[in-house]
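Let's take a walk around a protein chain and see which of its parts hold on to each other. Have a look at the model first, then read on.

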Amino acid sequence: MAGITTCKALPDDNTLVAKIDKGYIDLGDWNFADKGSVALVGEWEFYWDTLLMPNDFPTTIQPKFPYFPQLWSNISDSLVSCSNFGYATYRVRIKIQPTEDLLAIKLPDYYTSYNLWLNNKLLSANGKVGTTKETYKPHLLPTTKSYYADTTELVFVLQISNFYHSKGGAKTPPIIGTNSLLATEREFELGIDLLLTGALLMGGLFFLGLFFFGRQDRSVFYFAMFCLVYSYRLIGSGNYFLHNIIPDVSWQITTRAEYITLFLSAYFFMQFIQSVYPRETKKIIAGILKSIALVFVFITLFFPARIFTLTVNPFLIILLIYI
């Protein structure tokens, strides 16, 4: 089918990629129930430094058509000059065959607040979109929203704003498909996160009990702390299930906890390795990693988000070298 290609970039074999051209794609012959989901990738309409409502279209503002999704800082200067901090509006029109089946759209955690309208109706929102720091509120929560496609055209209008995170824009495309498939996928992903979180929590508490009521072996304590600390990474990042449970917790708190637990888990695991293999572990090399982890913890605690959110990629590179 023209406009659709097999997606090799997405892990789900049932998900295909839509080649959106100049803000439009024809999916009139596409049967989601039989052929699977579609990732909306390509040339969305893009309006930088502008927040447009659905009823503002048609507009006299000429859109740009950069590749979507990508971070704002990666958008070519020949199209428009963007930074990671600001706000923008995206728009795409999709020709579709009306169906009685309940469809859904899978939305990632855009950096760091968004509003999504479908045919002039607000379908999903994350945080509070604004044009300044004072009118904007960040929040991260991937979600799946259902809707009925009872018209021949779907018009998605997406507003994104970011003034805190070092990344701005979109990194993962939305996916449209049947509600049964996408809802099942999300429930499965959350179930895996909860299973692993529970396993780490129980393991951490078990080994912590062994330490306090046993021989008080330091290696047992370090492994228990690693399990307890890393358990937050599973529930407080990725699918952000914790944000479903306590949605009103400050983004500043949850984001700092997300980064701190990454650094501390590496610190405690290195302590565990040193304790179990004292002869095989070089104290200087291990000490460097532990010092770097503690420095990054300090940066996360006392520096603004636009700075400490830059630390994760360098730390993962350092961690990869150590592994």
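## A helix paired with a strand

In this predicted model, Glu189 and Lys106 make a salt bridge, and their closest N and O atoms sit 3.2 Å apart. These two partners come from distant parts of the chain: Glu189 belongs to helix H2 (residues 179-213), while Lys106 belongs to strand E8 (residues 102-107), and 83 residues separate them.

Are these two buried or exposed? Neither label fits, because buried means under 20% relative accessible area and exposed means over 50%. Glu189 comes out at 27%, so it's partly exposed, and Lys106, at 22%, is partly exposed too.

## Two more salt bridges, both using strand E7

How many salt bridges are there in total? The count is 3. Side chains of opposite charge can pair when their charged atoms come close.

Take Arg91 and Glu45, whose side chains meet in a salt bridge with an N to O distance of 3.1 Å. Here, too, distant parts of the chain are linked: Arg91 is in strand E7 (residues 86-96) and Glu45 is in strand E5 (residues 45-48), 46 residues apart. Arg91 has a relative accessible area of 14%, so it counts as buried. Glu45 is buried as well, with a relative accessibility of 8%.

Then there's Arg93, which forms a salt bridge with Glu153; the closest N and O atoms are 3.2 Å apart. Because Arg93 lies in strand E7 and Glu153 in strand E12 (residues 153-162), this pair ties together parts that are 60 residues apart in sequence. Arg93 is partly exposed at 27% relative accessibility, and Glu153 is partly exposed at 30%.

## Stepping back to the whole chain

Time to zoom out. The protein chain has 8 helices and 13 strands, and its C-alpha atoms fill a box of roughly 70 × 40 × 35 Å along the principal axes. Of its 323 residues, 50% are buried. If you take the contacts with a separation of 6 or more, 72% of them are between residues 24 or more positions apart.

What about the outside? The accessible surface adds up to about 16,500 Å², and carbon and sulfur atoms own 59% of that. As for charge, the chain carries 26 positive and 25 negative charges, and the mean positions of the two sets are 12 Å apart.

## A nonpolar patch on the surface

Which residues form the nonpolar patch on the surface? They are Phe298, Leu301, Phe302, Phe303 and Ile307, and together they have about 490 Å² of accessible area. Helix H6 (residues 283-302) gives the most to this patch, with 3 residues.

Phe303 sits in the loop between H6 and helix H7 (305-308). With a relative accessible area of 33%, Phe303 is partly exposed.

## A buried alanine in a loop

Now find Ala149, in the loop between strand E11 (143-148) and E12. You might wonder whether a loop residue like this one is buried or exposed. Ala149 has 0% relative accessibility, so it counts as buried.

Who are its partners? Leaving out neighbours within four places in sequence, Ala149 is in contact with Ile96, Pro98, Thr99, Leu103 and Leu154. Phe213 is another story: Ala149 and Phe213 are 64 residues apart in sequence and 60 Å apart in space, going from C-alpha to C-alpha.

Technical notes. Residues numbered from 1 in each chain as written. Predicted model: local features only at pLDDT ≥ 70, side-chain atom pairs only at ≥ 80, totals over all residues. Heavy atoms only, no water. Salt bridge = Lys/Arg side-chain N within 4 Å of Asp/Glu carboxyl O. Helix = DSSP H or I, 4+ residues; strand = E, 2+ residues; numbered from the N terminus. Buried < 20%, exposed > 50% of the residue type's maximum accessible area, 1.4 Å probe, protein only. Contact = heavy atoms within 4.5 Å. Areas by Shrake-Rupley, 256 points an atom, 1.4 Å probe, with all protein chains shown as cover. Lys, Arg positive; Asp, Glu negative; His and termini not counted. Charge placed at Lys NZ, Arg CZ, Asp CG, Glu CD. Patch = residues over 30% accessible without salt bridge, like charges linked within 9 Å, V, L, I, M, F, W, Y side chains within 5 Å.
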